[in-house]
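Open the structure in your viewer and keep the selection tool ready. We will go from stop to stop, and at each one you will be told what to select.

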Amino acid sequence: MSIQTTLNPYIYPVSSQPEKSPFNAGETLQEKTSPLTVLLLGSGGRECALAWKIAQSPALKHLYIAPGNGGTGAYGQNVDLSPLDFDAIARFVSEHGVDMIVVGNEDPLVAGIYDYFQGREGAPLIVGPSKAGAALEGSKDFAKQFMVRHNIPTARYRSFTAETVAEGEKFLEELRPPYVLKADGLAAGKGVLIIDNLDEAKASLREMLSGMFGKSSATVVIEEFLKGIECSVFVLTDGNGGYRILPVAKDYKRIGEGDTGPNTGGMGAVSPVAFADDVFMKKVEERIILPTVNGLKAEGITYRGFIFLGLIEVGGEPMVIEYNVRMGDPETEVVMLRIASDLLPLLRAAAEGCLGDMPLAIDPRYATTVMVVSGGYPGSYPKGKVITGTDECGDAILFHAGTKLNPDGTLVTSGGRVIACSSYGNDIDEALAGSFKAANALEYDGKYFRRDIGADLKAILNLKS
C-alpha cells in the first residue's frame with residue numbers, strides 16, 4: 001500500500017535564522033552532512049521508539065543506547081551507562097566519537113547535562129534544554145510562574161511550604177472539589193494527588209509538606225481543578241524561535257478501564273486526536289506555543305529540544321496542565337510512527353539552533369499503542385517473568401519498556417510497564433485492532449492491559465459522523 005504524507009501546517013518559526021552560524025569555522029558542507037554517531041539516554045518504551053525512528057535514518061553512522069532494554073538492541077548497541085553519570089558519559093563520548101546526545105528522560109536534563117557539556121572541548125550536540133529550561137518540568141512552581149508571566153492559559157494556583165501550610169488550607173477552602181495537589185519537584189510521576197474531600201485534601205497537604213515525596217514536596221502547588229478532555233502536544237524547538245509541532249496524541253493514565261484506579265506512567269495512546277482539529281490547534285499555537293518559545297528566548301533560557309505540553313480542552317479552549325521537557329511515554333510510541341520525515345536531521349538542526357524552514361512530513365494514518373504491564377502495577381510487582389509470543393504479533397511494532405534479555409537469550413520482564421504494542425491503521429478501529437491483537441498474543445505470568453484504549457475518541461468521532 002502506498003503511503004501519502006502531508007506537510008505539517010503548524011510550522012510558523014518566529015525566526016528562520018540562528019543568532020550565530022551553527023557551522024564551525026572552515027567546516028565544509030560534506031562535513032556538515034556526514035553521518036552522526038548518536039548516544040540516546042534512557043531505558044523505557046519512549047527510548048525504544050526513538051531508537052526505532054533514529055535507526056531508520058541514512059544520516060546515522062552508529063547508535064548507542066544507555067542503558068537501553070531488552071528491545072532497544074534491535075536498533076543500536078546497548079551500553080551499561082547511567083544517564084545521570086555525566087563523567088562516565090563524557091568518557092564514553094570521547095572514546096567512541098559521539099557527535100550528538102539525545103536525552104530521553106527528564107532526570108539528566110533537570111540535573112543539568114546540557115550545562116555539563118557546554119564549553120568542553122569536543123563536546124557533542126545535546127538534544128534537550130539547559131538546566132534552567134528543564135525547570136519547566138523540574139519545578140511546577142517555576143512552570144506556573146512562567147505561564148503567568150507570559151499570559152499562557154492555565155489553572156488558578158498558589159504554592160505553599162511547611163511555613164505557610166495554614167494559608168494552603170485556607171486556599172483549599174476557596175476552591176471547589178476535587179482538589180489538585182502537586183509536589184513541586186520530580187516524583188517519578190506519583191507527585192499529583194486529586195482528592196474529593198476537603199478534610200482529606202488538608203491532611204494530604206500536611207503529609208506532602210512533611211516529606212511524603214521527599215524533597216520534591218517541600219513545596220506544594222495547589223491548583224483549581226479543570227474539567228475537560230486532555231491531549232499531549234509536542235514541539236521540537238531550536239532555541240532561536242524556530243519550532244515544529246509534532247503529531248498530537250492522547251494518553252491514558254489510569255490503570256483501570258473507564259479511567260479508574262490509580263495513575264500509572266501510561267497505559268496506551270492514540271494519534272491523531274479527534275478534538276484537536278485545525279481550529280483548536282491554531283489556538284494552541286497562538287496562545288501557548290508561541291508565548292512559550294518566545295518567553296524562553298526573552299528570558300535568556302537556552303532550550304534546544306522537545307517541549308511536551310500537557311493540555312486540557314475546556315469548553316473548546318486549550319489550557320496548560322503541565323510542561324514536560326522531553327517526549328512523553330507512551331505517546332512517543334505513536335508519535336514516532338506518524339513522523340514520515342527523517343527525524344535525525346531535524347534533531348541535529350534543533351540542537352544546532354537552526355531548524356529554519358526544514359519541512360516535517362506527517363503520516364495521515366492513525367497510530368495506536370496498548371501498553372502491556374506486569375500484574376500488580378502500579379503497585380509492587382514481580383520481575384523476571386518469561387515473555388513469549390513476540391513473533392505472533394502480526395504487523396504491530398513492539399516497543400520494549402520493562403524488559404531485559406538474560407544471558408541465554410530469554411526475554412523477561414524487568415519493570416511495571418513491559419511492552420507497548422503499536423500499530424498503524426487507516427482509521428482508529430484498524431489501528432486499535434492491530435494493537436490489541438499484539439497485546440493478546442504476548443504471554444507472561446500476570447499480564448494485564450486495558451481494553452478500552454481509544455474508546456472516548458471513537459465516541460467523539462461517532463458524534464461527528
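## Stop 1: Leu40

Select Leu40, which lies in strand E2 (residues 36-42). Strands here are DSSP runs of E with at least two residues, helices are runs of H or I with at least four residues, and both are numbered from the N terminus. This is a predicted model, where local features need pLDDT of at least 70, side-chain atom pairs count only at pLDDT 80 or more, and totals for chains, interfaces and linings use all residues. Residues are numbered from 1 along each chain as its sequence is written, and side-chain values use heavy atoms, with hydrogens and water left out.

Is Leu40 buried or exposed? Leu40 is buried, with a relative accessible area of 0%. The cut-offs are under 20% relative accessible area for buried, over 50% for exposed, and partly exposed in between, using a 1.4 Å probe and protein chains only.

Now show what surrounds Leu40. Leaving aside neighbours within four places in sequence, Leu40 is in contact with Glu47, Leu50, Ala51, Leu63, Tyr64, Ile65, Ala66 and Val102. Contact means heavy atoms within 4.5 Å. Add Gly68 to the view: Leu40 and Gly68 are 28 residues apart in sequence, and their C-alpha atoms are 8.5 Å apart in space.

## Stop 2: helix H2

Select residues 45-54, which form helix H2. How many residues of H2 are buried? The count is 10 of the 10, so H2 is largely enclosed by the rest of the structure. The buried residues in H2 include Arg46, Glu47 and Lys53. Leu50 and Ala51 are also buried there, and you met both as contacts of Leu40.

## Stop 3: two cis bonds

Select Ala66 and Pro67. A cis peptide bond joins them, with omega about 0°. Pro67 is found in strand E3 (residues 60-67). Ala66 is another contact of Leu40.

Then jump to Ser271 and Pro272. The peptide bond from Ser271 to Pro272 is cis too, with omega near 0°. Pro272 sits in the loop between strand E16 (268-271) and H10.

## Stop 4: two positive phi angles

Why look at these bonds and angles at all? Most residues other than glycine have a negative phi, and most peptide bonds are trans.

Select Asn151. Its phi is near 55°, a positive value in a residue other than glycine. Asn151 is in the loop between helix H7 (140-149) and strand E7 (157-160). At 68% relative accessibility, Asn151 counts as exposed.

Next, select Asp259. Phi of Asp259 is also positive, near 55°. Asp259 is found in the loop between strand E14 (254-256) and strand E15 (260-263). With 41% relative accessibility, Asp259 counts as partly exposed.

## Stop 5: Ile222

Go to Ile222 in strand E10 (residues 220-223). Ile222 counts as buried, at 0% relative accessibility. Which residues are in contact with Ile222, beyond its neighbours within four places in sequence? Among them are Arg156, Tyr157, Phe160, Phe171, Leu172 and Leu205. Highlight Leu172: it is 50 residues from Ile222 along the chain, and their C-alpha atoms are separated by 7.6 Å.

## Stop 6: the cavities

A search of the whole structure finds two cavities of 30 Å³ or more. A cavity is a set of points, on a 1 Å grid over the protein atoms alone, where a 1.4 Å probe fits but cannot get out; lining residues have an atom within 4 Å of a point. Grid points are joined across faces, edges and corners, and a volume is the space filled by probe spheres set on the points.

For the largest cavity, select Thr237, Gly239, Val293, Leu296, Lys297, Ile301, Tyr303 and Ile307. About 50 Å³ of space lies inside. Helix H10 (residues 278-298) gives the largest share of this lining, three residues.

For the second largest, select Val103, Leu109, Val127, Gly128, Pro129, Gly305, Phe306, Val325 and Arg326. This cavity holds about 30 Å³ of space.

## Last stop: the whole chain

Zoom out. The chain has 14 helices and 24 strands. Its radius of gyration is 22 Å, close to the 23 Å that the globule rule gives for 465 residues, so the chain is as compact as a globular protein of that length. That radius is taken over C-alpha atoms, and the rule is 2.2 Å times the number of residues to the power 0.38. Buried residues make up 56% of the 465.

Conventions. On a 1 Å grid over the protein atoms alone, a cavity is a set of points where a 1.4 Å probe fits but cannot get out, and a pocket is an open set with protein on both sides within 12 Å along at least five of seven lines; lining residues have an atom within 4 Å of a point.
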